[in-house]
Amino acid sequence: MYKLLLCCRYLRTRWIALASIISVTLGVATMIVVNAVMAGFSHEMQTRIHGILSDLVFESHSLSGFQDPAWHMDEIRRAGGDEIEGMTPTVAVPAMLNFQVRGQWITRQVMFIGIDEATHASVSDFGRYLQHPANRGQLSFDLRDGGYDTVDSQATATEPTRPALEAAGWPHRRMRVERERLWRERLDSERPPSDENGEFASPAEKSAAESGKPVRPIDRQVDAVLAATTETPATEASGGRPADPFRQARPEEGTRMDPATEQFTGIVPGIGLASFRDSSGIDRFLTLPGDDVKVTFPTAGTPPKAVSDTFTIVDFYESKMSEYDANFVFVPIAALQRMRGMIDPESGLASVNSIQIKLRPGADLETVRDRLRKAFPADLYAVATWRDKQGPLLAAVDMEMAVLNILLFLIIAVAGFGILAIFFMIVVEKTRDIGILKSLGARAAGIAGIFLGYGLCLGLVGAGAGLALGLAIALNINTIRAGVEWCTGQRVFDPSIYYFFNIPTIIDPVTIAWVVIGAVGIAVASSVLPALRAARLHPVEALRHE
Amino acid sequence: MSSVTLERPRAASPEIAPPALLRVRDLRKHYRSGDRVLEVLRGVDFDLAAGEFVSVIGQSGSGKSTLLHLMGLLDAPDGGSVHLAGGRVDNLPARQRDRLRNTAIGMVFQAYHLLPELTALENVLAPLMVRHGIWAWLSVRREARQRAVDLLERFGLGERLQHKPRQLSGGEMQRVAIARALVGGPRLLLADEPTGNLDVESGAGILDVLCTLNRSEGLSIVLVSHDASIAGRADRVVRLVAGRVATV
């Protein structure tokens, strides 16, 4: 009983010992906060990676892909069994995206992904990341007549709106066409039609102007036919001069289509390709749904040739993973297969690069992956889980977390040495009391118990305070961040890097339990030596101690 | 626990020789400091009858405190034996000696040796807390507390129960220490210069308390002092000179 009483009394009267556990408190608090934030980031990242990658990816090593996805899907279903819930074919090729901003062309390197709009949303969270509410339900590659979100649908707090998206869609497209028409009329009225640098003249008109001959109607027709097929031959046919970049973006009225009422093949680029976030956190858009862009991509076959075509942006994809948002462009798979020449003209069978597979909830990814790997020759097909695909990244995050935990635990261990030193001091200070207790008949184990209990109490108090502090910080981290930003004027957490406005946190009770147990354990462990020393004190010498 | 059985002391009577409560035979103790061996006790024989009040006096360094510590089982002798109520106790295992110290012996020191963190009442209760574990304590707490309060009230400290040692005077602290020594119901009280730090008046008060305890309750007391006038209050005086008993 005296052990408990003395523990409590020492705890209340020895403030110096409390100083030593402040480091335990800080260590525990830091560990809890760091783990919560790292787990939050890791989870957020995994969700987004998984959002774009389906559970399993079955793909060909070749850029040309494999034929007859339907047959492959049947085989996959046979090999994978009941675990497979859904499948969708995709074609992914590297490509270049070109769009015009204020008269200058911007080119971006992208991954051009052909998806089946009917089934793609069923294997991944793809649909969740689109900007038009209707597209989030069922994606359509037809341009919508306005109604795009001006408030980020994934936002959790009040974030800057995106007023630019309000007019996106057909209204924006009509306005642009009208503006271009007026602009062209003005240009035409200011310049004679035979101007040497006639920017909007067709190749036939231009060559006619150079040669001084009048334009023949047959040349106009040839121009129109060439323009309607692909652009590269048109350029070659007109004498190797550079292609008119505006030819397809602004087709001449009457020759092909009316851009105010018609669109090209729809595409969904990542939002990072079309916008940037300025320093105040507002998204600035370079281009909007309704604008036309050009994409250059390789054809199937050996060697691949680069072909270009014009597409109309119909929506943006925003996974908040900047790597994806600045890289991916989605296009209807059928259109891409046709343009790349992936459809066998004889059998009519299309090729695909990969098949995305979704498993039933709770299914073991690795087991199904291994079954599929056995069923298909490894030199032709690769089967990978979404984790395998992002293995190095996920492993790096895990590694980072492990190293941070070790470092932070060392802080608590250092605190343990502080406790050790202070306890030795207290044992020396309390030598006479120890002698008194021994003269009253206290056993050596009991004396040791006082100091072990004292260490336990200090550990509990320190870890408890650290737990409270850590939870308080982790739960209010965004308020604290705002406060720090307000005080220092520095951006602590730059949303333009992470594409989410708030620091995500996940508080895992198991992690917290381990941290607290570890901290208390260290406090007790570091009081063992002083406790043994106290227990071994000779009572007579202890009583004589001044 | 203990192999030693303790009987209640019978009232001292001059006709019948009371049985020896404490018997010390040829007790030797030396301390080593470096190469030198300091012989403190060189064969002490000493008997204490139940209910007897004996003073041990001697010069500083004559070994009287060492003798007291050996009798109080705080230290182990290098030779000789200590018998308590007929059983040899100096060679018992540590646990049993701890137990005996808690139940059969009460000790009072010159410097009071109260625990500074505890109140007067808690200091008195300390031996009982040491005796009982937490759960056992809960069941005996009320009784123990009553006993401690009774003792303190008897020594005139009824108003001082919740005071810390530093708020008490020397005489009061020593009375708390005596109450602590008695609360466990010991048969033997060992007092090491209990008046050494006190002024004459307080010292006389403490001596009165000890005499009263001896007379009215038959408590056996060994009092160590260097002051012959204080030692004279005892039934018998034992003089230690250079580690041996000089006069009985």
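Let's start in chain B of this predicted model, where strand β3 (residues 53-58) runs parallel to β8(B) and pairs with it over five bridges. To find the register, look for B:V56, which stands opposite B:V224 in β8(B). On to another pairing of β8(B): strand β7 (residues 188-192) of chain B is joined to β8(B) by five bridges, and these two strands also run parallel. Here B:L188 has B:S220 of β8(B) as its bridge partner. As general background, strands of a sheet pair through backbone hydrogen bonds, in either a parallel or an antiparallel sense.

How enclosed is β8(B), and why? Strand β8 covers residues 220-225 of chain B, and six of its six residues are buried, so the strand is largely enclosed by the rest of the structure. In a regular strand, side chains alternate between the two faces of the sheet. In β8(B) both faces are covered: B:S220, B:V222 and B:V224 are buried on one side, and B:I221, B:L223 and B:S225 are buried on the other.

Now step across to β7 of chain B, where you will find B:D192. This aspartate is buried, because 23 other C-beta atoms lie within 10 Å, and 20 or more is the cut-off for that label. Leaving aside neighbours within four places in sequence, B:D192 is in contact with B:S65, B:L68, B:V108, B:F109, B:Q110 and B:V224. B:D192 also lies 7.8 Å from B:M107, C-alpha to C-alpha, although 85 residues separate the two in sequence.

Chain B has an antiparallel sheet as well. It is an open sheet of four strands in the order β2-β1-β4-β5. The edges are taken by β2 (36-49) and β5 (87-88), each with a single partner strand, so one side of each is left without a neighbour in the sheet. Strand β1 (residues 20-33) pairs with β2(B) over 11 bridges in the antiparallel sense, and along this pairing B:R28 stands opposite B:R42.

Among the helices, α4(B) is a good one to examine. Its 21 residues should span 30 Å at 1.5 Å a residue, and its end C-alpha atoms are 28 Å apart, which agrees. Even so, α4(B) bends by about 60° at B:V140. The buried residues of the helix are B:A144, B:A148, B:L151 and B:L152, and they pack against α3 and α5 (170-183) of chain B. After α4(B) comes B:G156, with a positive phi near 75°.

Helix α4(B) also brings us to where the chains meet. The contact takes 24 residues from chain B and 21 residues from chain A. On the chain B side, the elements that give two or more residues are α2 (94-103), α3 (120-131) and α4 (134-154), with α2(B) giving the most, six residues. That side of chain B divides into 11 nonpolar, six polar and seven charged residues.

Finally, consider the interior. The largest nonpolar core has 128 residues, and those with the most contacts inside it are A:V28, A:I32, A:A519, B:V124, B:A179 and B:V222. Helix α18 (residues 444-475) of chain A gives the most to this core, with 11 residues. Not counting residues up to four places away in sequence, A:I32 touches A:L467, A:G470, A:L471, A:A474, A:I512 and A:V515. There is also a second, separate core of 65 residues, which includes A:V57, A:F264, A:Y324 and A:I357.

Definitions and conventions
Residues are numbered from 1 along each chain as its sequence is written. Chains are lettered from A and ligands numbered from 1 in the order in which they are written. This is a predicted model: local features need pLDDT of at least 70, side-chain atom pairs count only at pLDDT 80 or more; totals for chains, interfaces and linings use all residues. A nonpolar core is a set of buried Ala, Val, Leu, Ile, Met, Phe, Trp, Tyr and Cys residues joined through C-beta atoms within 7 Å. A residue is buried if 20 or more other C-beta atoms lie within 10 Å of its own, exposed if 12 or fewer, and partly exposed in between; C-beta atoms are placed from the backbone. Two residues are in contact if their C-beta atoms, placed from the backbone, lie within 7 Å. Ala, Val, Leu, Ile, Met, Phe, Trp, Tyr, Cys and Pro count as nonpolar, Asp, Glu, Lys and Arg as charged, and the others, Gly among them, as polar. The expected span of a helix is 1.5 Å times one less than its number of residues. The bend at a residue is the angle between axes fitted to the seven residues ending there and the seven starting there. Two strands pair if DSSP finds at least two bridges between them.
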